[in-house]
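Please open the model in your viewer and keep the selection panel at hand. The tour below proceeds selection by selection.

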2 protein chains.
Amino acid sequence: MEISEKNKSFVYHFGEMGSKWGFNRTVGQMYALLVITDKPITANELASTLNISRGNVSMGIKELQAWKLVQVTHVPGDRKEYYNAIGSVMDMANIVFEERRKREVDPTLSLLRNLLLDTPETDSEVYAQQRMKDIHDLLEMITTWASELQKLTPEQLNTVMKLGAGVTKILSVKQALFSKKENEH
Amino acid sequence: MEISEKNKSFVYHFGEMGSKWGFNRTVGQMYALLVITDKPITANELASTLNISRGNVSMGIKELQAWKLVQVTHVPGDRKEYYNAIGSVMDMANIVFEERRKREVDPTLSLLRNLLLDTPETDSEVYAQQRMKDIHDLLEMITTWASELQKLTPEQLNTVMKLGAGVTKILSVKQALFSKKENEH
DNA sequence: CACAAGTTTCAATAATTTCTGAAAGTTTAA
DNA sequence: TTAAACTTTCAGAAATTATTGAAACTTGTG
């Protein structure tokens with residue numbers, strides 16, 4: 001499979017980025033290539049295009065499947081497996097966030113809850129626990145919010161996202177509604 | 001410096017987590033220890049408490065300072081440097097997000113903008129560019145949102161977070177109000 | 001200045017992670 | 001049932017990253 005210079009720089013860049021987001025370089029490259037390629041690709045094509053071994057591709061695909069980021073398809077009359085990236089870019093982001101929540105945030109919350117169970121004795125224990133509670137509450141707020149957002153339909157989500165700079169305006173609208181309702185009582 | 005079993009498990013856990021968030025294990029441990037410790041700590045205390053070398057501490061502190069996550073203080077009549085974690089837990093989260101944006105997202109956006117400059121020729125180029133554009137737009141949206149949220153006061157932020165999916169309700173009300181005003185013209 | 005009390009640097013080494021490629025495993029079809 | 005066409009596995013090699021510790025550096029003080 002031939003790859004253009006542009007696509008090459010995209011693929012290499014996301015290889016490096018991947019390594020900061022929980023994948024290794026080659027897994028990042030494989031996924032990047034799958035994302036920008038229209039038709040499904042075989043393992044051998046991935047290997048030769050990226051100059052990596054066949055075994056490495058096999059393990060990388062396995063990992064991407066564990067992340068639910070790639071799909072296997074078959075071409076009639078062909079025994080090879082064809083791989084492609086699942087869903088829209090937004091879907092991908094959701095999957096990665098969700099999966100990292102499960103792998104990193106959930107165990108952290110569970111540890112923190114445990115550590116927060118019994119009451120602190122000394123001043124320094126009080127301090128440490130307060131910090132742990134702050135971390136716990138922040139993580140919980142972020143994950144709650146994220147899962148709320150994931151409940152929205154794509155259109156609703158889009159509306160909310162486009163809001164951008166307007167968040168504060170919404171707050172004032174809410175304020176207005178709220179005080180109005182209060183007055184009606 | 002003595003460290004309780006609880007604090008030890010906190011510190012070790014955040015050492016592992018740190019390695020998924022852009023730090024290495026010992027830097028994560030050092031930071032975790034600084035975060036839950038009330039009074040500032042010396043480099044030698046960090047080294048002996050965490051069983052790591054003095055040189056390692058020196059490099060770790062340097063990195064945490066580059067992230068603007070720790071501060072140096074001095075005790076009168078003492079030549080040693082005392083370190084402590086800067087700000088609230090929310091401040092820390094903001095700093096880490098902001099810094100990762102600078103280091104990872106900004107270069108990615110700049111690469112993508114470059115790749116999107118000239119017009120695609122073939123169908124597969126059109127497809128690749130569309131994907132790159134989707135990624136670009138999503139990253140831009142997320143960073144816009146993040147910087148908006150950072151501008152909010154803790155209370156406002158809390159309101160927005162608690163609002164969650166309820167944002168859409170407010171939005172539809174806003175929509176209604178807006179079109180009413182339009183009609184009044 | 002000279003020295004003591006500290007911190008930083010960095011070459012060498014250790015630890016960890018990633019990658020390869022050959023062998024083993026699986027599946028389909030004749 | 002056999003063989004061809006493919007995929008997976010995994011031990012060892014290579015590459016990368018983290019850590020140590022001793023030497024160099026810096027700074028404050030008598």
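The stops that follow concern a predicted model, beginning with the relation between two chains and then turning to a sheet and its helices.

**The two copies.** Select chains A and B together. Chain B is superposed on chain A by a rotation of 180° with 0.1 Å of shift along its axis, at an RMSD of 0.9 Å. That is the relation of a two-fold axis. To locate the axis from chain B, select B:Ile170: of the residues of that chain, B:Ile170 comes closest to the rotation axis, with its C-alpha at 3.3 Å.

**The interface.** Next, display the interface residues of each chain. Of those in chain B, 93% are also interface residues in chain A, so the copies meet through the same surface.

**The sheet of chain A.** Now restrict the view to chain A and select its strands 1, 2 and 3. They form an open sheet in the order 1-3-2, with antiparallel pairing. Strand 1 (41–42) and strand 2 (70–74) of chain A are at the edges; each has a single partner strand, so one side of each lacks a neighbour in the sheet.

**One strand pair.** Select strand 1 together with strand 3 (residues 81–85) of chain A: the two run antiparallel and are joined by two bridges. Which residue of strand 3 of chain A stands opposite A:Thr42? Selecting A:Tyr82 shows the residue in question, opposite A:Thr42.

**The helices across the sheet.** Add helix 2 (residues 25–36) of chain A, which lies across strands 1, 2 and 3 of chain A and runs at about 85° to strand 3. Finally, add helix 4 (residues 54–66) of chain A, which lies across strand 2 and strand 3 of chain A, at about 115° to strand 2.

Conventions
Residues numbered from 1 in each chain as written. Chains lettered and ligands numbered in written order. Predicted model: local features only at pLDDT ≥ 70, side-chain atom pairs only at ≥ 80, totals over all residues. Heavy atoms only, no water. Least-squares fit on C-alpha atoms with pLDDT ≥ 70 in both. Contact = heavy atoms within 4.5 Å. Pairing = 2+ DSSP bridges. Helix = DSSP H or I, 4+ residues; strand = E, 2+ residues; numbered from the N terminus. Axes fitted to C-alpha atoms, helices over the stretch in contact; angles between N-to-C directions.
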